[in-house]
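Please examine the structure displayed here before reading the explanation. The discussion moves from the overall fold to the surface and then to a pocket.

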Amino acid sequence: MLYLSGIFIAFFLTFLLLTKKGKSSADFILSGWLLVIGINLLAHYLFLTGQYAKYPSFVFLGFTLPLVYGPFLYLYVKKQTSPNPFSLKQLLHFLPFVICNLLFVSFYTASFNERLNIFKHEGRGFNVEMLLRLYGIYISGIVYVAISFLILYKFRKNMVQQFSNTERINFNWLLYLIIWIGMIWGLVLFNENANIIYGAVVIFIMWLGYFGIKQVQVFNQSNSFFSAEKVVEVIVNVTDSQDKKYQKSGLTKESIEDIHTRLLIVLNEEKPFINPNLTLNELAELLKVHPNYLSQVINSKENKNFYELINEKRIEEFMHKIIQPDSKQYTFLAIAFECGFNSKTSFNRNFKKYTGVTPTEYQKTF
């Protein structure tokens with residue numbers, strides 16, 4: 001019953017993702033992962049109930065599916081934390097799974113009775129292949145969990161270079177995913193009872209459904225950190241730079257000045273910072289420059305990161321608005337939201353940072 005519940009939930013969540021409006025590449029990756037988990041659980045259920053005698057190849061395929069868990073985790077985390085589009089080259093991460101199954105071509109092409117005999121004798125004749133499959137699963141899990149965690153750590157460390165509001169960015173979803181897969185691989189490494197491992201996979205699926213639907217709306221809303229799916233075309237001139245930090249960027253002094261001038265014009269005239277979800281990529285797209293170059297210009301010319309620059313502009317806009325006669329009927333917080341802040345905490349913190357006093361203290365002198 002437990003496995004059947006896991007199979008049903010996995011397929012149901014796959015259906016929810018595939019029918020979701022505004023699907024991103026990350027949604028397709030997650031739906032593929034859930035589909036594989038459902039198939040894997042179904043294969044294990046058929047094995048436990050002795051129905052491998054009807055579907056020996058399908059059940060055997062299930063033995064190799066854990067090799068794709070790690071790649072799916074890595075690609076999902078990578079896509080959620082990067083604006084770069086999905087590349088077909090990334091499918092190479094599934095090559096170990098293909099190679100592993102090629103090792104068992106003689107099994108898949110054997111007669112039905114021969115495949116049943118191999119099952120009955122616990123893989124006799126494929127001892128080396130089974131050992132390679134087992135160690136492949138060990139290595140895959142360890143490597144991809146470690147890489148996924150490293151990607152998330154770097155993303156979190158550098159998010160002030162990418163986002164203008166960081167308070168509502170939910171890292172827990174990705175962090176918990178990595179921890180869950182890490183725990184399951186801990187069971188794979190140190191526990192020989194397959195039922196305990198697959199039982200943990202079922203609980204993981206249940207958590208995935210509950211947390212994804214109730215907490216972060218993964219299955220019914222767009223939840224990507226990046227709204228832009230493409231990286232804008234680079235149109236700046238390239239040559240050596242004197243700035244040691246950006247030696248390899250290739251921006252000329254003229255390009256830096258040009259981008260900086262256009263940046264100030266856009267900020268002052270178009271005021272994109274009133275969008276509470278403004279990202280570096282979106283601002284770069286307005287300026288038609290590569291996000292990395294824009295980040296370099298902000299850092300070198302303004303001596304700030306993207307987060308600091310945009311929130312400083314929001315405070316300037318706020319200070320301008322509150323002296324307008326029409327603004328007297330509104331609260332400070334309502335005006336702050338109009339200027340691009342998406343929370344009281346973010347507004348208070350940035351206001352004190354740029355004025356030296358809290359909004360309440362400032363209001364008393366206003």
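The paragraphs below describe the overall make-up, a nonpolar surface patch and the largest pocket.

The model is predicted. Its secondary structure consists of 17 helices, with zero strands. Of the 366 residues in the protein, 49% are buried. Among contacts with a separation of 6 or more, 72% are between residues 24 or more positions apart. The accessible surface of the protein amounts to about 19,100 Å², and carbon and sulfur atoms account for 59% of that area.

On this surface, a nonpolar patch of about 800 Å² is formed by L92, L95, V98, I99, L102, L103, V105, V128 and L132. Two elements, helix 5 (95-103) and helix 8 (127-157), give two or more residues each to the patch. Helix 5 gives the most, with five residues. One residue of helix 5 is L103. Because its relative accessible area is 35%, which lies between the 20% and 50% limits, L103 counts as partly exposed.

Helix 8 also takes part in the lining of the largest pocket, to which it supplies the largest share, six residues. This pocket holds about 960 Å³ of space. Its lining comprises 35 residues, and those nearest the centre are F63, M130, R133, L134 and A194. Besides helix 8, at least two lining residues each come from helix 2 (25-48), helix 3 (56-64), helix 7 (112-120), helix 9 (172-190) and helix 10 (194-215). Helix 8 thus appears both in the nonpolar patch and in the lining of the largest pocket.

How values were computed: Residues numbered from 1 in each chain as written. Predicted model: local features only at pLDDT ≥ 70, side-chain atom pairs only at ≥ 80, totals over all residues. Heavy atoms only, no water. Helix = DSSP H or I, 4+ residues; strand = E, 2+ residues; numbered from the N terminus. Buried < 20%, exposed > 50% of the residue type's maximum accessible area, 1.4 Å probe, protein only. Contact = heavy atoms within 4.5 Å. Areas by Shrake-Rupley, 256 points an atom, 1.4 Å probe, with all protein chains shown as cover. Patch = residues over 30% accessible without salt bridge, like charges linked within 9 Å, V, L, I, M, F, W, Y side chains within 5 Å. Salt bridge = Lys/Arg side-chain N within 4 Å of Asp/Glu carboxyl O. 1 Å grid on protein atoms, 1.4 Å probe; cavity = no way out; pocket = protein on both sides within 12 Å on 5 of 7 lines; lining within 4 Å. Points joined across faces, edges and corners; volume = space filled by probe spheres on them.
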